[in-house]
Amino acid sequence: MNDLVIKNGLVILDTGAVKTDVAVKDEKIVAIGADLEGEKEIDAEGLIVSPGMVDAHVHITDPGGGYRDEWEGYVTGTAAAAKGGVTSFIEMPLNQVPATVDAETIDIKYQAGEGNLQADVASFGGLVPFNLDGGIQELDEKGVAAYKAFLATAGDRSIEGDFQNVDDYSLLEGMRQIAETGKVLALHAENAAITDRLGDIAYENGEKDFQAYVDSRPEITEIEPIQRAITFAEETGCRIHICHVATPRGVEVIKEARDRGVDVTAETCTHYLYFTTDELDAIGPVVKCSPPIRDQEAQDGLWEQVINGDIDFVTSDHSPSTPDLKDTDNVFEAWGGIAGLQNNVDILFDEGVQKRGMSLTRFAEIIASRPAELYELEGKGHISIGYDADFVLIQPDKPYTLEAEDLEYRNKMSPYIGQEIGAQVVQTILRGETVYAQDEGVSKDYIGKFIKK
């Protein structure tokens, strides 16, 4: 007898969406078809049954090292994932202290998360100037899914063990070493010298608003480092992925490189597909991020590239802080990061499928199958026999307004508060077990596991 059967839902398979049943046994999908029976059955009539989201860009600040202890931890972060339909995510090697740059520091991360996960979690290892003498190899042996480097300025130099951005030498040498592992290097591609100086000039001139902030990070500051990274990748043979692209021109550069054989992929983020520059001052510093949220023309272009496949997938870049770091009327002084982990599935379904006619199969690709494939997360991202039984059940055409109390985050801040979202996550299932149900809330059982490659 099957452990679980999800019945009567519109199930998103690789070949299309079909009204059918899905059976689960021993955490895996074992059958797809009509009239299946299980010890437990869920009636998904009227619901979309999608692969659970694989959010490939999430910051969990655990441990905080005495510096960031009140930022997002595993307990609250994975609860937000469960409530938002995210069954797996890949965690960035910053902003925790110490940063994840070698065997010792990734073991600290694993220990912090043990027994505290309500989603499955894979890890990025960091590429920094100070781990070129063995740290990359140690991270590979410890099972990281991929690596991450910053071309933009990153880290607090007053905090021992904090993350650091790479210089060109560290990037080139790091790419050579990472190429030998066969894993992907994901990059935050902004030109540090230009953005830092333009930001300083604007601040010194008394600028405070979002338009000035966006102007201090013009499109060229994304495009140039993307081109530089591609040049280095061609030289080293390193597989690269460009994170949170905010300009269609950057995607065009990536597509041109891909067409000539470079192994390069791209993501954008939900907030770039939802907000535009002219809305930001009314929302406030809670919506500050980098690269910045650009204008309507950029957003329209990004949506076209998401739907046509030039952008591989969409992530949250969940990067929350404490409220005091957002409590300023000067956007240049605010922490740059958006809390968004809980509101990707519902927003992307509403904005992509319901409002722009994106196919259900493409929806499943951008939230689940493509990130799982790129980072080679075995058993994740597809509703297919033999895969992990990870599902999100979505109620279409069911608007609600997000309230702060709806959020599972440690600090209940989000630019999506007060927004009407036209679909709802009603249930999240991780390896056959319900981790969130709308009528019961988030499960009290911590069944998530670390994914090690």
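Start your tour in this predicted model by selecting Asp26, in the loop between strand 2 (16–25) and strand 3 (28–33). Although Asp26 is not a glycine, its phi is positive, at about 50°. Switch on the surface, too: with a relative accessible area of 58%, Asp26 is exposed.

Next, select His244. Here you are in the loop between strand 11 (239–242) and helix 8. His244 is another residue other than glycine with a positive phi, this one near 30°. Is His244 buried or exposed? Its relative accessibility is 1%, so His244 counts as buried, the cut-off for that being under 20%.

**Two cis peptide bonds**

Now look at the backbone around Pro63. This proline belongs to the loop between strand 6 (53–58) and helix 1 (74–83). The bond leading into Pro63 from Asp62 is cis, and its omega is near 5°.

For the other stop of this kind, go to Pro291, in the loop that runs between helix 9 (277–283) and helix 10. Ser290 and Pro291 are joined by a cis peptide bond with an omega of about -5°.

**Along helix 10**

From Pro291, carry on to helix 10 and select residues 296–308. Those 13 residues reach 18 Å from the first C-alpha to the last, close to the 18 Å expected at 1.5 Å a residue.

Pause at the N-terminal end and show the side chain of Asp295. This residue caps the helix, with a side-chain oxygen 3.3 Å from the backbone nitrogen of Glu297. Then jump past the other end of helix 10, where Gly309 follows with a positive phi near 95°.

Which residues of helix 10 are buried? Colour Ala298, Gln299, Gly301, Leu302, Trp303, Gln305 and Val306 to see them. To find what covers these buried residues, display helix 8 (248–259), strand 12 (264–269), strand 13, helix 11 and helix 12 (360–374), which are included in that cover.

Keep helix 11 on screen with helix 10 and turn the view until you can follow both. Their axes come within 12 Å and cross at roughly 85°. That angle makes helix 10 roughly perpendicular to helix 11, since 65 to 115 degrees counts as such.

Where the two helices meet, show the side chains of Gln299, Trp303 and Ile307 on helix 10, and Leu348, Glu351, Gly352 and Arg356 on helix 11. The residues of this contact divide into three nonpolar, two polar and two charged.

**A last stop at Ser316**

Finish by selecting Ser316, in the loop between strand 13 (313–315) and helix 11 (345–356). You may need to hide the surface here, because Ser316 is buried, with a relative accessible area of 1%.

What does the side chain of Ser316 join in a polar contact of 2.6 Å? The partner is the side chain of Asp55. Now add the backbone of His318: its nitrogen lies 3.0 Å from a polar atom of the Ser316 side chain.

To see the wider surroundings, leave aside the neighbours within four places in sequence and select what else Ser316 is in contact with. You will find Asp55, His57, Val58, Cys269, His271, Gly340, Leu341 and Asn344.

Methods
Residues are numbered from 1 along each chain as its sequence is written. This is a predicted model: local features need pLDDT of at least 70, side-chain atom pairs count only at pLDDT 80 or more; totals for chains, interfaces and linings use all residues. Side-chain values use heavy atoms; hydrogens and water are left out. Helices (H or I, at least four residues) and strands (E, at least two) are DSSP runs, numbered from the N terminus. Buried means under 20% relative accessible area, exposed over 50%, partly exposed in between (1.4 Å probe, protein chains only). A polar contact is a pair of N or O atoms within 3.5 Å; within protein, one must be able to donate a hydrogen and the other to accept it, and residues adjacent in sequence count only if both atoms are side-chain atoms. Contact means heavy atoms within 4.5 Å. The expected span of a helix is 1.5 Å times one less than its number of residues. Axes are lines fitted to C-alpha atoms, for helices over the stretch in contact, and angles run from 0 to 180 degrees between N-to-C directions. Angles under 35 degrees count as roughly parallel, over 145 as roughly antiparallel, 65 to 115 as roughly perpendicular and the rest as oblique. Ala, Val, Leu, Ile, Met, Phe, Trp, Tyr, Cys and Pro count as nonpolar, Asp, Glu, Lys and Arg as charged, and the others, Gly among them, as polar.
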